Amino acid sequence: MTTATTTSPRVIGDFDKPLWRRVLLTREAAIVGLLIIVALVSSASIKGFGQPITLTYLLLDIAPILLIALPMTLIMITGEIDLSVGSMVGLSSVVTGALVQAGLPFEIAALAALVVGIVGGAFNGFLVTVVGLPSLAVTIGTLALFRGLAVGLLGTAAVTDFPEFWTDLAKAKITGTPIPVITIPFLLLVVVFVVLLHFTPFGRGVYAVGLSKDAAHFSGVDVERTKFILFMLSGAVAAFAGIFYTLRYGSARGDNATGLELQVIAAVVLGGVSVFGGRGQIYGVIAAALLIGSLASALRLVNVTSDVINIITGTLLVLSVVAASFLAWLQKKRRRPGRTPAGAVTAS
Amino acid sequence: MTTAIPVSSLTKRISGLGKAREFGILLALVLVVTAATLNNPKFLFSPDGWRDLLLTPSILVLVAVGQAIVLVTRNVDLSVGSVMGLTAYLTGRLFIDIPGIPIVLVVAAAVVFGALLGLVNGALVAYAKVPAMVITLGTLYAYRGINVLWTGSDRVNASDMPKDFLALGTGQLAGIPILAIVALVVLAIAAWYMKNTRGGREYYAIGSDPAAAELYGLRVTRRVLTAFVLSGALAGLAGVFYAARYGTINSQAGAGWELDAVGAAVIGGVAITGGIGSVWGAAIGAVLLLTINRALPILGIPDFWQRAVVGLLIIGAIVLDRVLAVRQKRRLIEARDQS
């Protein structure tokens, strides 16, 4: 069974090359390599980085980003984007909090928050697919809308009264390991999304939509339905991340997770997903999120402030895409000796 | 005969105004201001109300105009908030480090600095052929990081800056805030340039179809570069005025403005897919965005709901745009079939 990656244009052109080159000379491999280097160097040189507690906090800190990055990867492979996820985390947090405050059991409140996430995602999907609007514009709108609902519902108040069982569970570790319990649902979701993307007709459709909407349509992919489902998934996962966020910090506030969308997109793009769609893999995105997270925790341990970490994240993002583009240009030049690289016209 | 021509061109112009994309949003703005004024006449008819109405949106107007130019070329500049923060702090720093430095020089330095930051964005986008969203997302972090590193926990206070400079932020000329006049002048120049000159039209051509523009022989690379430089320079100018208006600048100045700027442009009818819209629209969008903020409490709605209203407005504006475009297309097809 061929995986959907074979539809990626870069891989098609590389089939004459040996397997190791196809696997190792990719963006994803570079990010994984970088992650391993950062992890090894930090454990060797920074006291405290190799300790279990660091890993626990690292995983707890980036869990919301990792979770939301999964559906975001698929959405961006179709060439769309969802900027409203950070606000949805806030909204689901507030819905959970407000309902618990109103006296409902936590489980019911969390379920309601999930429903809100699905409805919010469906709203995005409706505007993008049925009305036919650009997702960047739609989700800038719902970024403001969801955040506005979250802040409007609770104001500046915060709900902090959650059942101890759940708040403890959000921070709990799997017995005998430093790995937080949240990793289990996360891994389950990873499996679901990997299977969905790489082993189902739906997943092949996702790549096809990103490569060419028309071609996908003519090959029998329901483009609109695919996108609609993805936006709904994105809303649901963001809501789940919101519930986790609320429990982890034991506080539901309207401004929870402000700006999270940019961190998620940074991880997805660094992980090798093209913003033009059609290219990307889940393991690259996970590696990128882990890379950003470990860099941050390593630097924090040597008392580098979060601002330098921001500079590094930003520069890494820019460098990684510029390097990829430079390498592609170099390859093209080498392939056609004596010719100028096609007047620098590239598909844009 | 000869006298009839100006009349018909005038009516044409008026009916054209009604059809313009910007008209709907202007109408919304007038409605908001009217409703708020009816509830509380002070909203418009008091010196403070009048001043706030013009002053508050002026800084965002500058940023939104730059953003609109970039959006028209089918790119986006997410780094404007960070650029603004950096130039605002630079402004404060210059006044502190070089006592007695002329204000004009500081303004020029901030604009040039902003343009340089824009040039970095533009060069990376234009030469590396990497999508603007990725590049400017990267520089959004990088510039903000530099800002925080430079500022630290330090901050510039109003007392660190000359009175003349601060007067620029709050002062008035014939009842109109100086900032609003500057914003209006910048807006008028940009609008004229985008509408009437060859260069301005090339931005639209590039945004409508980059490949066609390239084949036609337009210098796409250079145009995209200048669009980002303009956006950076305007964000730089906005940074100076931010310093003059608010007096206090910490490392988080301008955080989150990128989405306000894009939102303002989108509300004002600038298409995120490039080639469509005007800087006028973006400016009206910016004014509406910030006026709603002040109007809501007067209309009896707690301002907590402000962002929700803004969100609905953005969605409403793009849906309306889409509906109008579809209807226009249908009408054109009908006209073709009849002929």
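This short talk covers the interface between chain A and chain B, then the cavities and one pocket.

A word on conventions: this is a predicted model, where local features need pLDDT of at least 70, side-chain atom pairs count only at pLDDT 80 or more, and totals for chains, interfaces and linings use all residues. Residues are numbered from 1 along each chain as its sequence is written, chains are lettered from A and ligands numbered from 1 in the order in which they are written, and side-chain values use heavy atoms, with hydrogens and water left out.

I'll start with the interface. Chain A brings 48 residues to the contact and chain B brings 38, contact meaning heavy atoms within 4.5 Å. About 3600 Å² is buried between the two chains, and carbon and sulfur atoms give 83% of that; buried area is the accessible area (1.4 Å probe) that two parts lose on being put together, summed over both. A:I140, A:L262 and A:I311 supply 14% of the area that chain A buries against chain B, more than any other three residues.

How many salt bridges are there between chain A and chain B? The count is zero, with a salt bridge defined as a side-chain nitrogen of Lys or Arg within 4 Å of a carboxyl oxygen of Asp or Glu.

On the chain A side, α7(A) gives the largest share, 15 residues. Helices here are DSSP runs (H or I, at least four residues), numbered from the N terminus. By class, that side divides into 30 nonpolar, 15 polar and three charged residues; Ala, Val, Leu, Ile, Met, Phe, Trp, Tyr, Cys and Pro count as nonpolar, Asp, Glu, Lys and Arg as charged, and the others, Gly among them, as polar.

Now the cavities. There are four of 30 Å³ or more. On a 1 Å grid over the protein atoms alone, a cavity is a set of points where a 1.4 Å probe fits but cannot get out, a pocket is an open set with protein on both sides within 12 Å along at least five of seven lines, and lining residues have an atom within 4 Å of a point. Points are joined across faces, edges and corners, and a volume is the space filled by probe spheres set on them.

The largest cavity has a volume of about 50 Å³. Its lining includes A:I140 and B:R307, and has seven nonpolar, one polar and two charged residues.

The second largest cavity holds about 40 Å³. A:L262 and B:M133 are among its lining residues, which divide into seven nonpolar, no polar and no charged.

Last, the second largest pocket has a volume of about 1500 Å³.

Methods:
Helix = DSSP H or I, 4+ residues; strand = E, 2+ residues; numbered from the N terminus.
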